[in-house]
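Reader: I would like to go through this protein by question and answer. Please keep the replies short and end each on the value or name I ask for.

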Amino acid sequence: GGTLAVATSDTNCYLTAPTNGIYHLTYTQCWGNNTGERGCGLGTSTTAGDVNMLCWMDIGLGRFATASTVVYLAAGTRVYPWTWNVAAAKALSPMDRNIASRCTITRLATV
């Protein structure tokens, strides 16, 4: 039980593992243009997107990146979404072609 997703502001959102277990994590991010390098991922740091990452996907051109992994998480672990892009690749988008930007956590097994 418990809350799996929390978003109190644009800068305070995370997924939580409610129990010890094996989880499938995904993060799909949409951009409103095809310009420049960019990437997205999920990690356990609240202050930096280049440490303690659990999954990450870089792309050169395109409007979508999807990062995913299967990983063990201890109960209460918080996982935070991170994005990176060069200046020309700005314009994060909530949706493009009916594909929504989203993060998911799915428990596959309790350990």
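Author: The turns below go from the overall fold to single residues, and the model is a predicted one.

Reader: How many helices and strands are there in the protein?

Author: Read along the sequence, the pattern is β-β-β-β-β-β-β-β-β-β-β. No helix interrupts that pattern. The counts are zero helices and 11 strands.

Reader: What is the radius of gyration, and how does the value stand against that of a compact globule?

Author: The C-alpha atoms fill a box of roughly 40 × 30 × 25 Å along the principal axes. For 111 residues, a compact globule would have a radius of gyration near 13 Å. The value for the protein agrees with this, at 14 Å.

Reader: What share of the contacts with a separation of 6 or more is made by residues 24 or more positions apart?

Author: Contact here means heavy atoms within 4.5 Å. Among pairs with a separation of 6 or more, those 24 or more positions apart account for 74%.

Reader: What percentage of the residues is buried?

Author: A residue counts as buried under 20% relative accessible area. The protein exposes about 6,100 Å², with carbon and sulfur atoms supplying 54% of that area. Of the 111 residues, the buried share is 34%.

Reader: Which residues have the most contacts inside the largest nonpolar core?

Author: In soluble globular proteins, nonpolar side chains tend to be buried together. The largest nonpolar core here has 16 residues. Strand 3 (21–31), strand 4 (38–43), strand 5 (53–59) and strand 6 (64–73) each supply at least two of them. The residues with the most contacts inside this core are Tyr23, Leu25, Leu42, Leu73 and Ile105.

Reader: Which residues does leucine 25 touch, leaving out those up to four places away in sequence?

Author: Leucine 25 is one of the core residues with the most contacts. Beyond four places in sequence, leucine 25 touches Leu42, Leu54, Ala67, Ser68, Thr69, Val71, Leu73, Val79, Thr104 and Ile105.

Reader: Is serine 45 buried or exposed?

Author: Serine 45 sits in the loop between strand 4 and strand 5. Leaving aside neighbours within four places, serine 45 is in contact with Val51, Asn52, Tyr80 and Trp82. Its relative accessible area is 7%, and the limit for burial is under 20%, so serine 45 is buried.

Reader: How does methionine 53 count in terms of accessibility?

Author: Methionine 53 lies in strand 5. Not counting residues up to four places away, methionine 53 touches Gly41, Leu42, Gly43 and Trp82. A relative accessibility of 25% is neither under 20% nor over 50%, so methionine 53 counts as partly exposed.

Reader: What is the phi of asparagine 98?

Author: Most residues other than glycine have a negative phi. Asparagine 98 lies in the loop between strand 9 (95–96) and strand 10 (99–100), and is exposed, with a relative accessible area of 73%. Its phi is positive, near 65 degrees.

Reader: What is the phi of asparagine 52?

Author: Asparagine 52 is placed in the loop between strand 4 and strand 5. This residue is not a glycine, yet its phi is positive, at about 55 degrees.

Reader: How far apart are the mean positions of the positive and negative charges?

Author: The protein has 7 positive and 5 negative charges. The distance between their mean positions is 8 Å.

Conventions. Residues numbered from 1 in each chain as written. Predicted model: local features only at pLDDT ≥ 70, side-chain atom pairs only at ≥ 80, totals over all residues. Heavy atoms only, no water. Core = buried A, V, L, I, M, F, W, Y, C linked by side-chain atoms within 4.5 Å. Buried < 20%, exposed > 50% of the residue type's maximum accessible area, 1.4 Å probe, protein only. Helix = DSSP H or I, 4+ residues; strand = E, 2+ residues; numbered from the N terminus. Rg over C-alpha atoms; globule rule 2.2 N^0.38 Å. Areas by Shrake-Rupley, 256 points an atom, 1.4 Å probe, with all protein chains shown as cover. Lys, Arg positive; Asp, Glu negative; His and termini not counted. Charge placed at Lys NZ, Arg CZ, Asp CG, Glu CD.
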